[in-house]
Amino acid sequence: MLDKEWQDLLAKQFQERKAFLTRHAKKSFSRSEGARRLGTSASQLTFLIKKHGVDWPKAKNWLGGPKGYSKEHYQHLAENGYTKSEAANELGISYNMISKAQKAYDLNFVDGRVRPAFGRGASKNWAEIT
């Protein structure tokens with residue numbers, strides 16, 4: 001008797017978990033973003049997806065990205081004088097994603113390694129300063 005109830009509870013829990021994962025999969029998050037939102041790791045989420053037979057495709061369009069940034073987002077930051085590090089912090093993505101977007105969209109971010117003498121935009125030529 002108790003064993004039957006327990007099995008029914010396990011089956012019900014399995015179906016509820018599957019429905020929950022399916023709802024989140026339909027929101028078009030990447031698996032990594034889905035894992036962050038669900039408070040688990042990407043590998044644990046992938047394990048649950050496989051275990052429950054949920055259709056949650058892996059992200060293939062990295063430039064659209066899990067956060068949904070398009071060429072215009074990257075271009076706006078590049079045109080407004082952001083370095084790649086500043087752009088990555090602004091968008092909440094990795095430096096490498098910015099580098100990939102830079103190559104794919106032929107963008108020019110400010111080189112953050114070279115700083116003008118007196119702050120951003122200042123002249124590097126001492127003759128112009130004096």
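Hi everyone. Let me start with one definition: a residue is called buried under 20% relative accessible area, exposed over 50%, and partly exposed in between. By that scale Lys4, at 54% relative accessibility, counts as exposed. Keep those cut-offs in mind, please. Also keep in mind that what you see above is a predicted model.

Let's take the overall picture before the details. The chain has seven helices and zero strands. Reading along the sequence, you simply get α-α-α-α-α-α-α. There are 130 residues, and buried ones make up 27% of them. The chain exposes about 9,400 Å², with carbon and sulfur atoms supplying 52% of that area. And how much of the contact set is made by residues 24 or more positions apart in sequence? Among contacts with a separation of 6 or more, such residues account for 58%.

Now, on to helix α1. This helix runs over residues 2–25. With 24 residues, α1 reaches 34 Å from its first C-alpha to its last, close to the 34 Å expected at 1.5 Å a residue.

Back to Lys4, our opening residue. Lys4 forms a salt bridge with Asp8, and the closest N and O atoms are 3.1 Å apart. Why do these two sit about one helical turn from each other? Because they are four residues apart in helix α1. Asp8, for its part, counts as partly exposed, at 40% relative accessibility.

Next to Asp8 in the sequence comes Leu9, which also lies in α1. Is Leu9 buried or exposed? Leu9 is exposed, with a relative accessible area of 52%. Together with Trp6 and Leu10, Leu9 makes a nonpolar surface patch of about 320 Å². So if you have the model open, Trp6, Leu9 and Leu10 are the residues to click on for that patch.

Which residues of α1 are buried, then? They are Leu21, His24 and Ala25. The cover over those buried residues includes α2, residues 31–38, and α3, residues 42–52. Let me pick out His24. Its relative accessible area is 15%, which is under the 20% cut-off, so His24 is buried. Leaving aside residues up to four places away in sequence, His24 touches Phe29, Leu38 and Trp56.

That brings us to α2 and its charged side chains. How many salt bridges does the structure hold? Three. You have already met Lys4 with Asp8. Another joins Arg36 to Glu33, where the closest N and O atoms are 2.8 Å apart. Both of these residues lie in α2, three residues apart, about one turn of the helix. Glu33 also meets Arg37 in a salt bridge, at 3.0 Å from N to O. Here the two residues are four apart in α2, again about one turn. Put together, Glu33, Arg36 and Arg37 are linked in a network of salt bridges.

What I like about this network is the contrast in accessibility. Glu33 has a relative accessible area of 10%, so it is buried. Arg37, at 53% relative accessibility, counts as exposed.

Last stop: helix α4, residues 71–79, where Lys71 lies. At 34% relative accessibility, Lys71 counts as partly exposed. Lys71 and Leu107 are 36 residues apart in sequence, and their C-alpha atoms are 9.5 Å apart in space.

Also in this helix is one half of an aromatic pair. The structure holds one such pair. The rings of Tyr74 and Tyr105 have their centres 6.1 Å apart and their planes at 35 degrees, so this pair is tilted. For the bench people, a quick reminder: a pair of aromatic rings is described by the distance of the centres and the angle of the planes. Which parts of the chain does the pair tie together? Tyr74 lies in α4 and Tyr105 in α6, residues 95–105, so the pair ties together parts that are 31 residues apart in sequence. Tyr74 itself is buried, with a relative accessible area of 1%.

To wrap up, here are the places to look at on screen. In α1, find Lys4 with its salt bridge to Asp8, then the patch of Trp6, Leu9 and Leu10. In α2, look for the network of Glu33, Arg36 and Arg37. Then finish with the tilted rings of Tyr74 and Tyr105. Thanks, everyone!

Methods: Residues numbered from 1 in each chain as written. Predicted model: local features only at pLDDT ≥ 70, side-chain atom pairs only at ≥ 80, totals over all residues. Heavy atoms only, no water. Patch = residues over 30% accessible without salt bridge, like charges linked within 9 Å, V, L, I, M, F, W, Y side chains within 5 Å. Areas by Shrake-Rupley, 256 points an atom, 1.4 Å probe, with all protein chains shown as cover. Salt bridge = Lys/Arg side-chain N within 4 Å of Asp/Glu carboxyl O. Buried < 20%, exposed > 50% of the residue type's maximum accessible area, 1.4 Å probe, protein only. Contact = heavy atoms within 4.5 Å. Expected span 1.5 Å × (residues − 1). Phe/Tyr/Trp six-rings, centres within 6.5 Å; stacked < 30°, edge-to-face > 60°.
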